[in-house]
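Here's a quick tour for anyone meeting this structure for the first time. Have a look at the sequence and the model, then read on.

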Amino acid sequence: MKISEIYKYLEKIGVLTFSTISSGEVHSRIAHLNGYDEDGMYFRTMKNKPYARQLKETGKLTICGITDSRILSHNEDGVPKFPTGYSIRLICEVKPVSEEVIREKAENNEDLKTAVYDMDHYPAMKEGNFVIYKAKGEIYDFDFDCTKRDHKLLRKRFQFGGVEYNKVGPTITDSCIECGKCYRNCTFKAIEKGSPYVIISERCDDCGNCLMNCPVNAIIPSKTF
């Protein structure tokens, strides 16, 4: 996916959760992005905040968000109910961007003009601009009631800046005896019959049903993203 396409998914949500690491602890806050170009996606804070210090110390950031924060409700039987939508997450590498670079980019980038405005009104932001220059991520498009398609999920992984990632879900090996138990117990329609059977990774929720039901342990658990 292009950076512009990824940014549109994030911008549609708007307010996102940004998480950093400090002394082995995860620290999260609500924030947003403020523009993109071919070099990456931009955001800002004040240089004096622990947030900025954590970013400079580690160069690491994760972002996640969902289209509807009111997503979880229950029907009369107590079964969770979800509207259609998507969540998105990114594992990012970031670096500071100088005031001069932001001002230069803002001359031809409308989104970055707000960063210039903030720098002029809050001097601590002059050293608080960052760019996400490498990232891997995933869009988790859910339709649990199958209102717009005949399966619950469409998961799409992406990257920019040369980052590598693993595919979604477990893997069925050649030890498969084609008994069909994984197929029958998959509620996500994420398994195709074959020799061996195959997991359709973009439909897989990694729920574990196939692993729990395989009688010959022919399925390898999913790898870390």
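What follows goes from the whole chain to its cavities and then to a single threonine.

## The chain as a whole

Keep in mind that this is a predicted model. The protein chain is built from six helices and 14 strands. If you lay a box along the principal axes of its C-alpha trace, the span comes to about 65 × 40 × 35 Å.

How much of the chain is tucked away? Of the 225 residues in the protein chain, 43% are buried. On the outside, the protein chain exposes about 12700 Å², and carbon and sulfur atoms supply 49% of that area. As for who touches whom, take the contacts with a separation of 6 or more: residues 24 or more positions apart account for 63% of them.

## Two cavities inside

Now for the empty spaces. The structure has two cavities of 30 Å³ or more. The largest cavity has a volume of about 90 Å³. There are 15 residues lining the largest cavity, and those closest to its centre are Cys-186, Ile-191, Cys-204, Cys-207 and Cys-210. Sorted by class, that lining has nine nonpolar, three polar and three charged residues.

The second largest cavity holds about 80 Å³ of space. Cysteines turn up here too: Cys-176, Cys-179, Cys-182 and Cys-214 are among the lining residues of the second largest cavity. Its lining also includes Ile-172, Ile-177 and Ile-219, along with Pro-215, Val-216 and Ala-218. Glu-178 and Lys-181 belong to this lining as well. By class, the lining of the second largest cavity splits into ten nonpolar, no polar and two charged residues.

## A closer look at Thr-67

Let's zoom in on one residue. Where does Thr-67 sit? You'll find Thr-67 in the loop between β5, which covers 60–66, and β6, which covers 73–74.

Is Thr-67 buried, exposed or something in between? Its relative accessible area is 33%. Buried would call for under 20% and exposed for over 50%, so Thr-67 counts as partly exposed.

Which residues does Thr-67 touch, once its neighbours within four places in sequence are set aside? Thr-67 is in contact with Ile-13, Gly-85, Tyr-86 and Phe-142. For a sense of distance, try Asp-37: Thr-67 and Asp-37 are 30 residues apart in sequence, and their C-alpha atoms are 24 Å apart in space.

How values were computed
Residues numbered from 1 in each chain as written. Predicted model: local features only at pLDDT ≥ 70, side-chain atom pairs only at ≥ 80, totals over all residues. Heavy atoms only, no water. Helix = DSSP H or I, 4+ residues; strand = E, 2+ residues; numbered from the N terminus. Buried < 20%, exposed > 50% of the residue type's maximum accessible area, 1.4 Å probe, protein only. Contact = heavy atoms within 4.5 Å. 1 Å grid on protein atoms, 1.4 Å probe; cavity = no way out; pocket = protein on both sides within 12 Å on 5 of 7 lines; lining within 4 Å. Points joined across faces, edges and corners; volume = space filled by probe spheres on them. Nonpolar A, V, L, I, M, F, W, Y, C, P; charged D, E, K, R; others polar. Areas by Shrake-Rupley, 256 points an atom, 1.4 Å probe, with all protein chains shown as cover.
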